[in-house]
Amino acid sequence: MAGILQRMSGLRAALRYLSGHRVFSSTARTRLWSAGLCSPVLTCSSGQFLVSSRQVHGGADAPKSSPSAAPERLPFSRVTPQDLDFFRKVLPGRTITDPDLLESSNVDWLRTVRGSSEVLLRPQTTEEVSQILSYCNSRNLAVNPQGGNTGLVGGSVPVYDEIVLSTALMNNVLTFDSISGILTCQAGCVLENLSLYLEEREFIMPLDLGSKGSCQIGGNVATNAGGLRLLRYGSLRGTVLGLEVVLADGRVLDCLTKLRKDNTGYDLKQLFIGSEGTLGVITAVSVLCPQKPKSVNVVFLGCKTFEQLLQTFQLCRGMLGEILSAFEFLDSECMRLLNTHLKMSNPISDCPFYVVIETSGSDSTHDGEKLQNFLEEAMNLSMVADGTVATEDSKIKALWSMRERVTEALTHEGYTYKYDISLPVEQIYQLVTDMRTHLGDQAKSVVGYGHVGDGNVHLNVTSSANNPALVAAIEPFVYEWTAKRQGSVSAEHGLGLKKRNYIYYSKPSQAVALMGNIKAMLDPKGILNPYKTLPDDLK
């Protein structure tokens, strides 16, 4: 009993006097933590991992029938000098043909896929996009829409010589209503810039991603990005109120409504959310933004087993309720990568599993009491082995970086095979455990992290080099394992080039066939982002 009282006393002290960042453990010792967690942003691994789109995942010796490899080039036209003359007339000074300037648009963020586009177009207005697509459709020129190029499935870069249509210069906020919280902006606005714009007005974006410094809102919507706040604010399918989209033939579809309720006919915007640029090019977005919380706390906890982690999540939902905004996890292998490659120190003692919990609300006293009660109960029930709390912005960002920078750390581990899986919450880490057993010593490392709140695990398998034999051991095992448990082979990253042929593990053939019909109706020539999202052979 005395030990319980001691732990409770320590927790109360940590929450009552937290002007900075204090740590608690199962022995109830509170200690100030001052070590810096953040390190300078490191660049991605060198180009040694680059492969052509034809060789993606499989390597040069992989059979051409590899589901991840690109199909043969479709009979699109090739760009001529006359085409360039037209583009330069529409986009004076913004039609790029310099190979050095095209390099970054031809290579994906992971540096695993390379296209061979010779033209980069940088429109500033919807009208310019309309003129470009109308012309390309008439000439049968394939187009690769591109936002921030932060995708992980090869969906944002050309496969062959498709024209890259960048939205980077379409970066203006159009309107913001401070009463309703509805923001309308062009598709090329960088997510972090929108967040800063809104924070100055006491609002926040409903979406938060580790790539927020580069990704664009149009690309976020086109891939239906999930991110760290989905538990609290839901997916973009709910927060996006309207879209402006340019169709393949240049027609502009204006569904840029600012209404929260509109039940007149079909909700056409939903077709384009998550369509990965295959049905139309998103040029503007209206999104419902929540007010900026006045009280934010972040807790970093350690658990000895994944079962205890799930028990902590269940307790957390029940006791924190409306102030719970995120519940993320990473395993000890992730922590090893952060320590080794980014020199980030573990803020607590070593544990098999780590949890990042965020609360956000309007009353710091109320929120602090709820958080205190939750932490006391979690420790009384021995669910948590160690932990630390942060309330200051700098310390909150430092703790969040432990979760957000895992992807960056992985780029320094070697060649990485990424799988974005959603499953019933109680089964999400079993996939990681079973994959380790299945692969044995074939892989350099097998790590798991993700969003417990929405049943999304990011499974990453690393190798010293691109290894076709390792891929053959992972796939289709990972997809069959997921399908048997009624999961999804893509929770939030999309299908892109790499995963397109695995769609049948998550969707029935009738549904995929209907998707093909929709694609044929909206883009009959197939010029928009070809070779992506839909399988090569529609059943």
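## Aromatic pairs

Phe-176 and Phe-203 are both buried. In this predicted model, the two residues form an edge-to-face aromatic pair, with 5.2 Å from centre to centre and 80 degrees between the planes. The pair joins distant parts of the chain, 27 residues apart: Phe-176 belongs to strand β7 (residues 173–177), while Phe-203 lies in the loop between α5 (191–199) and α6 (217–222).

Another aromatic pair is made by Tyr-415 and Tyr-417. Its geometry is tilted, with the centres 5.1 Å apart and the planes at 45 degrees. Tyr-415 has a relative accessibility of 2% and therefore counts as buried, because the limit for buried is under 20%. Tyr-417 is buried too, its relative accessible area being 0%.

A search of the whole structure gives 18 aromatic pairs. Ring pairs also connect Phe-306, Phe-329, Phe-353 and Tyr-429 into a cluster.

## Packing of α15 and α17

Helix α15 (residues 428–439) packs with helix α17 (residues 477–484) at an angle of about 145 degrees. The axes of the two helices are 11 Å apart, and α15 passes α17 in a right-handed crossing.

On the α15 side, the contact is made by Gln-430, Leu-431, Asp-434, Met-435 and His-438. These residues meet Phe-477, Val-478 and Trp-481 of α17. Sorted by class, the contact of α15 with α17 has 5 nonpolar, 2 polar and 1 charged residues. The charged residue is Asp-434, and the polar ones are Gln-430 and His-438. The nonpolar residues are Leu-431 and Met-435 in α15, together with Phe-477, Val-478 and Trp-481 in α17.

## A four-stranded sheet

An open sheet is formed by 4 strands in the order β3-β4-β6-β5, with mixed pairing. The edges are occupied by β3 (95–96) and β5 (143–146). Each of these edge strands has a single partner strand, so one side of each has no neighbour in the sheet.

Strand β4 (residues 120–121) pairs with strand β6 (residues 163–166) in the parallel sense, over 2 bridges. Leu-120 has Val-164 in β6 as its bridge partner.

Note on methods. Residues are numbered from 1 along each chain as its sequence is written. This is a predicted model: local features need pLDDT of at least 70, side-chain atom pairs count only at pLDDT 80 or more; totals for chains, interfaces and linings use all residues. Side-chain values use heavy atoms; hydrogens and water are left out. Axes are lines fitted to C-alpha atoms, for helices over the stretch in contact, and angles run from 0 to 180 degrees between N-to-C directions. A crossing is left-handed if the near helix is turned anticlockwise from the far one by less than a right angle, and right-handed if clockwise. Contact means heavy atoms within 4.5 Å. Two strands pair if DSSP finds at least two bridges between them. Rings of Phe, Tyr and Trp (its six-membered ring) pair if their centres lie within 6.5 Å; planes under 30 degrees apart count as stacked, over 60 as edge-to-face and the rest as tilted. Buried means under 20% relative accessible area, exposed over 50%, partly exposed in between (1.4 Å probe, protein chains only).
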